[in-house]
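Trainee: I would like to learn how to read a few features of a model. Could we go through them in turn?

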Amino acid sequence: MEFRRLGNVEREIRQLQDAINDARNNVGLEEGNPELEKLQVENMKLKHRLSILNRAIAAESGSSQPSANSSILDHLNDIFTQAIATAFPQVCADVPTVITVSGVPKFGDYQCNNAMQIVQKLKALDVKTNPRDVAVKIMEAVPRSPMISKVEVAGAGFVNVFLDKTFGAEAIMSILKDGVKPPTFERKRVIVDFSSPNIAKEMHVGHLRSTIIGDSICRFLEFLGHDVLRLNHVGDWGTQFGMLIAHLQDRFPDYLKVSPPIGDLQAFYKESKTRFDSDEEFKKRAYACVVKLQGGDADSLKGWKLICDVSRKEFQKVYDRLDVKLIERGESFYQKRMENIVKDLAKQQFLEEDEGRKIMWGENKDGIPLTIIKSDGGFTYDTSDMAAIKQRLHEEKGEWLVYVTDAGQATHFYTIFSCARRAKILDPAVHRVDHVGFGVVLGEDGKKFKTRSGDTVKLTELLDEGLKRSLDKLLEKERDKVLTPEELKAAQESVAYGCIKYADLSHNRNNEYIFSFDKMLEDKGNTAVYLLYAYTRIRSIARNCGGDFANDIDKVIASTQLSLDHEKEWKLAKVLLKFTDVMKLISKNLCLHHLCEFVYDVSTTFTEFYDSCYCIEKNKQGEIVKINAGRVLLCEATSRVLGKCFDILGLKPLHKI
């Protein structure tokens with residue numbers, strides 16, 4: 001049977017190769033002939049079919065075998081693509097394989113739902129059949145795989161796939177022996193631009209999402225093995241520094257000798273802005289200070305650096321609390337590069353005059369052009385972003401750029417990317433660029449999140465409130481009676497910052513979300529509190545067993561054969577095996593809520609397992625009489641997968657909480 005199938009596939013390949021050669025030679029056809037275009041399209045389809053059939057040969061020969069950290073969806077897609085090519089070579093090029101997760105256990109774990117589509121394609125070729133017969137032929141053509149225990153046809157043409165328990169047990173043991181491994185990706189140099197506050201202004205809730213989402217994306221990409229550069233593109237240059245320096249000179253005339261005691265930089269900024277708006281003489285001095293600063297005047301640069309240093313110290317306090325690591329590279333870094341990019345764009349005749357400005361359109365001259373030079377001769381954010389994208393791609397050798405900003409900047413980055421492609425700075429064949437947009441944070445009233453007085457919520461005040469509320473929650477649960485003061489403080493910070501991060505990341509970043517301490521501190525549902533408690537309980541199971549389970553778990557792993565006989569054991573294992581597919585999905589869309597959904601699914605499925613399957617049995621005196629080693633190891637595997645997910649999400653789990 002197998003040899004006959006291989007022979008049929010090889011004959012089909014020879015026929016396709018002959019057809020491709022005929023189409024490539026275009027015998028008797030001239031340029032502009034409509035038949036030529038039709039044959040060229042057919043040629044592409046034949047090449048696609050040939051590729052599919054060659055993969056089928058490889059699969060039949062046993063060269064395409066899944067590993068422990070293989071993507072289940074990719075593997076099933078691959079072997080069903082091959083099966084469709086074998087069973088229906090005449091339509092395979094026009095039928096993308098459809099694999100879905102089954103929602104009902106009796107219908108298997110996954111399904112191939114291509115039968116109806118193939119029937120329609122065959123009908124167009126005057127071949128009459130029905131979905132069930134098509135499904136049966138696909139099922140018969142599916143190559144053997146250690147990942148699959150059985151394949152069956154149900155209903156009007158669904159091909160149901162049941163995963164193999166032996167493969168599942170081996171994959172779980174691989175997690176225990178080799179660690180939680182990422183799927184295999186080509187390693188890239190990735191530059192992530194996130195957080196990006198402005199010097200002399202306090203970080204506020206608007207910076208929260210960029211900081212949290214950006215850090216988690218970096219953690220995710222680092223786990224995948226990419227070379228990640230975390231950049232903080234701060235606003236540290238521009239007209240506002242003229243008024244700040246002028247105000248500094250008035251308030252602290254000896255600033256060149258004695259470091260000025262600027263305690264509240266936000267108040268200092270407001271004072272200077274008020275003077276700038278109301279005092280014409282001060283405004284003239286401010287503009288003069290800008291000119292001196294941009295000209296490299298030593299005293300002006302000293303004042304500028306003092307102001308920047310005060311801001312940096314305040315920013316760093318927030319980053320330390322959130323455990324976020326960044327390399328600052330402000331707009332000032334790109335000053336010389338902006339001059340160079342303007343010269344380059346002008347030389348290539350990309351700049352156009354527009355009412356005194358110099359603008360640049362993207363590839364199709366649609367949307368809004370970039371303003372490269374203002375009417376007064378100054379540069380803009382557009383100029384600095386063009387200089388930055390060139391620096392990151394050409395000097396830093398970035399292969400993948402990620403910009404994490406609010407969704408309102410989507411048009412801006414669309415235009416930046418388009419202009420960079422037009423100027424041959426960005427090559428789509430080599431570079432990947434993503435604007436990771438996010439919605440605004442809303443208050444519980446459904447309006448933009450602000451203080452009662454209508455001011456923007458300061459990030460430090462938000463974090464302080466989180467600490468206060470998390471401590472109240474821990475005291476309510478009487479955790480102070482079982483934790484040392486140091487452990488209580490660690491738990492307080494873990495819960496507070498974990499809740500703030502998780503509440504953000506668990507929502508689809510493209511949407512707005514309502515910020516509510518009450519909801520995020522609940523210990524039920526998809527919240528950080530529930531997950532942190534669940535993880536701590538799971539981690540304690542092996543420890544409570546004592547002996548090698550507590551002190552040398554690797555020895556237990558080496559000597560234990562894992563079986564997944566109970567339905568809840570097998571259900572938990574199958575959820576854990578989805579980890580790779582979740583990683584691959586996030587790599588495409590950079591949406592971390594998929595990981596949060598996975599973590600919650602693992603935790604709730606674990607609860608089902610633990611309620612149904614005894615890991616440790618005790619007598620009436622509370623003494624351990626039996627330990628199910630396999631189940632304890634399943635707990636250990638669960639904790640390791642969750643631990644890796646928590647690390648990507650930036651959550652800090654504790655052994656005691």
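Mentor: We will take disulfides, a helix contact, a buried residue and aromatic pairs, bearing in mind that this is a predicted model.

Trainee: How many disulfides does the structure hold?

Mentor: A disulfide is a covalent bond between the sulfur atoms of two cysteines. The structure holds zero of them.

Trainee: Are C308 and C591 buried or exposed?

Mentor: The cut-off for buried is under 20% relative accessible area. C308 has 1% relative accessibility, so C308 is buried. C591 is buried as well, because its relative accessibility is 5%.

Trainee: How do the axes of helix α7 and helix α24 cross?

Mentor: Look at the distance and the angle together. Helix α7 spans residues 205-223 and helix α24 residues 629-649; their axes come within 7 Å and cross at roughly 130°. An angle over 145 degrees would count as roughly antiparallel, and 65 to 115 as roughly perpendicular. The crossing therefore makes α7 oblique to α24.

Trainee: Which residues make the contact?

Mentor: From α7 they are S216, R219, F220 and F223, and from α24 they are K644, D647, I648 and L649. By class, the contact of α7 with α24 has four nonpolar residues, three charged and one polar.

Trainee: Where is A388 placed, and is A388 buried or exposed?

Mentor: A388 sits in helix α13, residues 381-395. Its relative accessibility is 0%, so A388 counts as buried. Sequence separation and spatial distance are separate readings: A388 and R329 are 59 residues apart in sequence, with their C-alpha atoms 10.0 Å apart in space.

Trainee: How many aromatic pairs does the structure hold?

Mentor: There are 14 aromatic pairs. In one of them, the ring centres of Y403 and F417 are 5.7 Å apart and the planes stand at 50°, so the pair is tilted. Y403 belongs to strand β11 (residues 400-406) and F417 to helix α14 (residues 410-422), so this pair ties together parts 14 residues apart in sequence. Both Y403 and F417 are buried.

Trainee: What kind of aromatic pair do Y530 and Y600 form?

Mentor: Y530 and Y600 are edge-to-face, with 6.0 Å from centre to centre and 70° between the planes. Because Y530 lies in helix α18 (residues 528-545) and Y600 in helix α23 (residues 593-612), the pair ties together parts 70 residues apart in sequence. Y530 is buried at 14% relative accessibility, whereas Y600 is partly exposed at 27%.

Trainee: Which residues do ring pairs link into a cluster?

Mentor: F223, F579 and F598 are linked in this way. F223 also appears in the contact of α7 with α24.

Note on methods: Residues are numbered from 1 along each chain as its sequence is written. This is a predicted model: local features need pLDDT of at least 70, side-chain atom pairs count only at pLDDT 80 or more; totals for chains, interfaces and linings use all residues. Side-chain values use heavy atoms; hydrogens and water are left out. A disulfide is a pair of cysteine sulfur atoms within 2.5 Å. Buried means under 20% relative accessible area, exposed over 50%, partly exposed in between (1.4 Å probe, protein chains only). Axes are lines fitted to C-alpha atoms, for helices over the stretch in contact, and angles run from 0 to 180 degrees between N-to-C directions. Helices (H or I, at least four residues) and strands (E, at least two) are DSSP runs, numbered from the N terminus. Angles under 35 degrees count as roughly parallel, over 145 as roughly antiparallel, 65 to 115 as roughly perpendicular and the rest as oblique. Contact means heavy atoms within 4.5 Å. Ala, Val, Leu, Ile, Met, Phe, Trp, Tyr, Cys and Pro count as nonpolar, Asp, Glu, Lys and Arg as charged, and the others, Gly among them, as polar. Rings of Phe, Tyr and Trp (its six-membered ring) pair if their centres lie within 6.5 Å; planes under 30 degrees apart count as stacked, over 60 as edge-to-face and the rest as tilted.
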